[in-house]
Each structure stands twice: as structure tokens, then as C-alpha cells.
Amino acid sequence: MQRKFMIIGAIMAMLSVAIGAFGAHLLEPIVGEDAMKVYETGVQYHMAHALGIILIAIAAGIWGDSRKLAWAGWLLFAGIILFSGSLYVLTVTGIKLLGAITPIGGVAFIAGWICLIADAASRKKR
């Protein structure tokens, strides 16, 4: 689990940088300032939660694997896809209906962090 989430987290962080650079250098002149604010929100949450996945990998290495940590990692990953992904597609296509998907990703983020909290709280002090 530790290796899997470290790889996923690192790939997600790398993609966040690449997607952010694409937006800043190629997309901004096309979509305008308001749409870029939406896009940049996606990039910020993408990177923050990629780092969260890396944190989960480190926690798994220190504490050992657990179902709660696995759920935390997969929920943060799903949140990146649903939250940030919907904002990226919304920015590029202008399809406002995609905004309905964004909150589902936000709920996945929150649930992932709750799983990490629950796992940490259930551990005994050393």
C-alpha cells in the first residue's frame, strides 16, 4: 500500500504541475481571467490532495497498512478526479452542468481526510 500510494501521489503531483503550466501558458489567453480562476482552483486542490496521498503513503510506512488509510488514499484520488477534473473540463468546454460533479469530489476529499483522522485516532501511543 505504501508504494502504491507514493507512486499515485507523485504522479498526481507531477500532473498538477503539468496541468497548471498548460493553463498558465496556453489556456489563459483563450479562456479568459474568470475561467482561469476556476482552473487554478482545480490545480491548487489537485496539488494539495496529491501531497495528501503522499502523506498517506508515509503514514502507511510508519504505522502499517490499514483499511482506513487505504480508503483515505482512494477517496483523495477520487476527489482529485471528480473535483479538479470537473473544473478543468468546465474551464475548457464551458459546460456548466459539470459544476454539479465538483461537490461530489469535495465530499470525497472530506471523507478521505476523515478516514485519515479516524485511522490516526485509533492508533495507540508508542
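Buried means a relative accessible area under 20%, exposed means over 50%, and partly exposed lies in between. These words are used in that sense in the legends below, which describe a predicted model.

**Figure 1. The protein chain consists of four helices and zero strands.** From the N terminus on, its elements run α-α-α-α. The C-alpha atoms fill a box of roughly 55 × 25 × 20 Å along the principal axes. The chain has 126 residues, and 40% of them count as buried. Among contacts between residues at least 6 apart in sequence, 77% join residues at least 24 apart. The accessible surface comes to about 7,200 Å², and carbon and sulfur atoms account for 71% of that area. The chain carries 10 positive and 6 negative charges, and the mean positions of these two sets are 20 Å apart.

**Figure 2. Close-up of the salt bridge between Arg123 and Asp119.** The structure holds one salt bridge. Side chains of opposite charge can pair when their charged atoms come close. Here the N to O distance between the side chains of Arg123 and Asp119 is 3.0 Å. This pair counts as a salt bridge because the cut-off between a side-chain nitrogen of Lys or Arg and a carboxyl oxygen of Asp or Glu is 4 Å. Asp119 has a relative accessible area of 2%, so Asp119 is buried. Arg123 has a relative accessible area of 26% and is therefore partly exposed.

**Figure 3. Close-up of the largest nonpolar core, a set of 23 residues.** Phe5, Ile53, Ile56, Leu69 and Ile80 touch the most other members of this core. Two or more residues of the core come from each of helix H1 (2-31), helix H2 (33-63), helix H3 (67-93) and helix H4 (102-122). The most is given by H3, with eight residues. Leaving aside neighbours within four places in sequence, Ile56 is in contact with Phe5, Leu69, Ala72, Gly73, Leu76 and Leu116. A second, separate core has five residues, among them Leu27, Met36, Tyr39 and Tyr88.

**Figure 4. Close-up of Leu76 in helix H3.** The relative accessibility of Leu76 is 0%, so Leu76 counts as buried. Apart from neighbours within four places in sequence, the residues in contact with Leu76 are His49, Gly52, Ile53, Ile56, Phe109, Gly112 and Trp113. Ile56 also has Leu76 in its own contact list. From Leu76 to Ile110 the C-alpha to C-alpha distance is 8.3 Å, across 34 residues in sequence.

**Figure 5. Close-up of His46 in helix H2.** His46 has a relative accessible area of 3% and is therefore buried. With neighbours within four places in sequence left aside, His46 is in contact with Met12, Leu15, Ser16, Ile19, Ile80, Ser84 and Tyr88. Two of these contact residues recur in the core view: Ile80 is one of the residues that touch the most other members of the largest nonpolar core, and Tyr88 belongs to the second, separate core.

**Figure 6. Close-up of Ala59 in helix H2 and Ile7 in helix H1.** Ala59 counts as buried, at 8% relative accessibility, whereas Ile7 counts as partly exposed, at 38%. The C-alpha atoms of Ile7 and Ala59 are separated by 14 Å, and the two residues are 52 residues apart along the chain. Not counting residues up to four places away in sequence, Ala59 touches Gly64 and Leu69. From Ala59 to Leu116 the C-alpha to C-alpha distance is 9.2 Å, with the two residues 57 apart in sequence. Leu116 is also one of the residues in contact with Ile56.

**Figure 7. Close-up of Lys96 in the loop between H3 and H4.** Lys96 has a relative accessible area of 70%, so Lys96 is exposed. Lys96 and Ser86 are 10 residues apart in sequence, and the distance between their C-alpha atoms is 9.9 Å.

Terms used
Residues numbered from 1 in each chain as written. Predicted model: local features only at pLDDT ≥ 70, side-chain atom pairs only at ≥ 80, totals over all residues. Heavy atoms only, no water. Buried < 20%, exposed > 50% of the residue type's maximum accessible area, 1.4 Å probe, protein only. Core = buried A, V, L, I, M, F, W, Y, C linked by side-chain atoms within 4.5 Å. Contact = heavy atoms within 4.5 Å. Areas by Shrake-Rupley, 256 points an atom, 1.4 Å probe, with all protein chains shown as cover. Lys, Arg positive; Asp, Glu negative; His and termini not counted. Charge placed at Lys NZ, Arg CZ, Asp CG, Glu CD.
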